[in-house]
Structure formats: structure tokens, C-alpha cells
Amino acid sequence: MPTAPQLSIVMPIYNEQEALPLTVERLRPILDGLDVTYEVVGVDDGSTDATPVLMQKIRQDWPEFRIVRFARNSGHQAALTAGIHRAFGDYVVSIDADLQDPPEKIPEMLSLAREQSLDIVYGVRGDRGTDTFFKRHTAGAYYWLMRKLVGKRMPNHAGDFRLLSRAAVDALKALPEQQPVYRMLVPWLGFPSGEVVYVREERVAGSTHYPLSKMVRLALDSITNFSASPLRLATWLGLLSFLVCIGLAVYTTVEYALGSTVPGWSSLFIGMLFIGAVQLVCVGLLGEYVGRIYSAVQARPAYFVGYDSADDESQGRA
């Protein structure tokens, strides 16, 4: 762009035909009320409903709305990556299209970053009352574990609603991550940061795109991308099984010497199950890391951009 906007809003979008109009209706007045130039980068993650048509209609009425469309569905983190990498703004705010994260907090984030010269401002969920009992407690366990891996600089209950400065964006773009998890990557940078606390709302429309399977995948990606602790766990499990086997061998020898051995298969069966389970756990953990090495060697891109409306503008100016 000839003149970069001061603020970019990155919004991953996937099958949000019901929520997107409501999100735009609430987001646009907030951005128009800011005394800054801005763009909204809507990243269509291969939607299969009427979302692409809605995005084109929104763009006709809202010139600041920019469309980036994937050739196929590639996942939320990939859409977030594409939006962050393609955003032109001096500050970049990422927010989902379901209005669970309130856009009214964006001016507060921008003001805090400017006043305190911060590179990162996290949106921290102060109240998760709208979440189910299961999700609240699993989320608490996730953030506890991630803080153990990344350190206390990772804010508790901070999702993907955050503000990044241009310096932080450039640093993220320079990282060779194949499967980035920004909840871990951004705190790892160690840039000056602040927090804005908000109450997480219910989804404005539609159903969640983050079921339990994707939550488990996110947790697994977070752990294996940032720590070799699971491999060390496999080592300790192997050592534990070895010690248990030594103990059983000593116990069997003593019982045999005392003449009180009882023929049976129970102890043998339990021992074989234990050793087999430990071996399978170790092989599984090792396989996760080998798989990531394989993906890194392939160096395949995480997504393919089929269309970017900014390219149309560039060609029109040319």
C-alpha cells in the first residue's frame, strides 16, 4: 500500500454467515470513531456457506474491509498467520468474528500501547461465566501447563484477542514456525506488554468451531512446539518401569528362596501390560516429534491464499 494504515484488524472467518453481519454492525462504528486510518483484514478460511458472498457485499459498502481468501480450509491458526503477515498497519489487532471478544476494547488496547510504548497488549478474560463447567476447568488446566512451559510472562486466560506493534509483527514473521501457536509464540518474544481485562461473552450466533478435538490438538501443538519435556517424561517412564522390573525380580527371587512361590499368570500379565504401555507411550511421544521434523523438512506452506482484495487495488493504481 502507498500509505500504510495506522491500525489493522485481523479477523479469521470460517462459516460465519450468521455472525458476520452482526460483528460488522458492531465493529465499524468503533473503528470509524477512532482518529486513525485503519483496515479490516477478513481472512476467509475456506468457508462453505454464504460467508464469501457476504464478505463481498460488506466490502462494497465498507472500503476499509479487505478480503483474503484461502484456496481451502487450513485452520484458525493458519488464518491468523495469513492475516498478521499480510496486515499493513502500524498496530495489528486480532479478533474472532463471533463477538465473544468485545471490539469495544480495541480503543483501550490502542491507547494503552501508545501511552506506555508497549509492543503487545493482551485481552485477558476476567470472567468465563459463559463457558461450560468442563471448558472452564480444562482451560484453567491448559493455561497452568502453558505457564509452566513458557514461564510467568504468559498471561493467564489470554486467547487470540491481542494487539501487536509493527515490531512484534515483524519478529513473528521472521520466525520459521511451521505450525505457530500464537498464545505461546507472542509471550515467548518477551516484548514489553500490558493487559486489558474483559468479560467473555456468549457466541453471538452459530455454533463453535473449536470442539474438544481441536482443543486437544491445540494443547498438543502448544506442548510439542515449545518443550521437549514429553520426551523427558518418556525417559522417566522408562526408568520407572526398569526400577519396577528390578523390584519384581528381587521379590520373585526372595519368594523363590523362601519356597513360597505360587504358580500363576497374574503378576506376569500385569508386568507385561505395564511395560507394554510404557513402551507405547514413549513411541507415541517420539512419533509426535519425528512427525514435526518431517513436516519441517517438507517445508510445505500452512495455507494458500487464493485471493487478496489488496492485489486488486494495487493493479488498479498501476
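Is E108 buried, exposed or partly exposed? E108 is partly exposed, at a relative accessible area of 39%. The legends below treat a predicted model.

**View 1. A salt bridge joins K105 and E108.** The two side chains meet at 3.1 Å, N to O. E108 has a relative accessible area of 39%, so the residue falls between the buried limit of 20% and the exposed limit of 50%. E108 therefore counts as partly exposed. By the rule used here, the salt bridges come to 13.

**View 2. E39 and R66 form a salt bridge between two strands.** The N to O distance is 3.2 Å. E39 belongs to strand β2, residues 38-44. R66 belongs to strand β3, residues 65-70. The pair links distant parts of the chain, with their positions 27 residues apart. How buried is E39? E39 has a relative accessible area of 5%, and buried means under 20%, so E39 is buried. R66 also counts as buried, because its relative accessibility is 5%. The pair is part of a wider set: E39, R66, R86 and D308 are linked in a network of salt bridges.

**View 3. R200 and D101 meet in a salt bridge between two loops.** The distance is 3.0 Å, N to O. R200 sits in the loop between β7 (193-199) and α8 (212-226). D101 sits in the loop between β4 (91-94) and α4. The two residues are 99 places apart, and the bridge links distant parts of the chain. Are R200 and D101 buried or exposed? Both are buried.

**View 4. The largest nonpolar core holds 32 residues.** Which members touch the most others? They are L7, I9, L31, V40 and W62. Helix α4, residues 106-116, gives the most to this core: five residues. L31 is shown with its contacts L7, I9, Y38, V40 and W62. That list leaves out residues up to four places away in sequence. Another core lies apart from this one. That second core has 17 residues, including A87, I120, A158 and L189. A general tendency gives the context. In soluble globular proteins, nonpolar side chains tend to be buried together.

**View 5. Helices α6 and α7 pack at an angle of about 115°.** Helix α6 covers residues 166-174, and helix α7 covers residues 182-189. Their axes are 11 Å apart. The crossing is right-handed. Which residues make the contact? From α6 come A168, A171 and L172. From α7 come Y182, L185, V186 and L189. By class, the contact has seven nonpolar residues, no polar residues and no charged residues.

**View 6. Helix α7 is mostly covered.** How many of its eight residues are buried? Seven are. The buried residues are Y182, R183, M184, L185, V186, P187 and L189. One of these, L189, also belongs to the core of 17 residues. G190 follows α7. The phi of G190 is positive, near 80°.

**View 7. I30 of helix α1 contacts P103, E104 and P107.** Helix α1 runs over residues 20-32. The contacts listed for I30 leave aside its neighbours within four places in sequence. How far apart are I30 and P103? They are 73 residues apart in sequence and 7.5 Å apart in space, C-alpha to C-alpha. I30 has a relative accessible area of 16%, and the limit for buried is under 20%, so I30 is buried.

**View 8. N15 has a positive phi in a loop.** The phi of N15 is near 50°, and the residue is not glycine. N15 is found in the loop between β1 (7-13) and α1. Why does N15 count as partly exposed? Its relative accessibility is 21%, and the buried class needs a value under 20%, so N15 counts as partly exposed.

**View 9. L99 has a positive phi in another setting.** The phi of L99 is near 65°, again in a residue other than glycine. L99 lies in the loop between β4 and α4. D101 is placed in that loop as well. L99 counts as buried because its relative accessibility is 4%.

Technical notes. Residues numbered from 1 in each chain as written. Predicted model: local features only at pLDDT ≥ 70, side-chain atom pairs only at ≥ 80, totals over all residues. Heavy atoms only, no water. Core = buried A, V, L, I, M, F, W, Y, C linked by side-chain atoms within 4.5 Å. Buried < 20%, exposed > 50% of the residue type's maximum accessible area, 1.4 Å probe, protein only. Helix = DSSP H or I, 4+ residues; strand = E, 2+ residues; numbered from the N terminus. Contact = heavy atoms within 4.5 Å. Axes fitted to C-alpha atoms, helices over the stretch in contact; angles between N-to-C directions. Left-handed = near helix turned anticlockwise from the far one by under 90°. Nonpolar A, V, L, I, M, F, W, Y, C, P; charged D, E, K, R; others polar. Salt bridge = Lys/Arg side-chain N within 4 Å of Asp/Glu carboxyl O.
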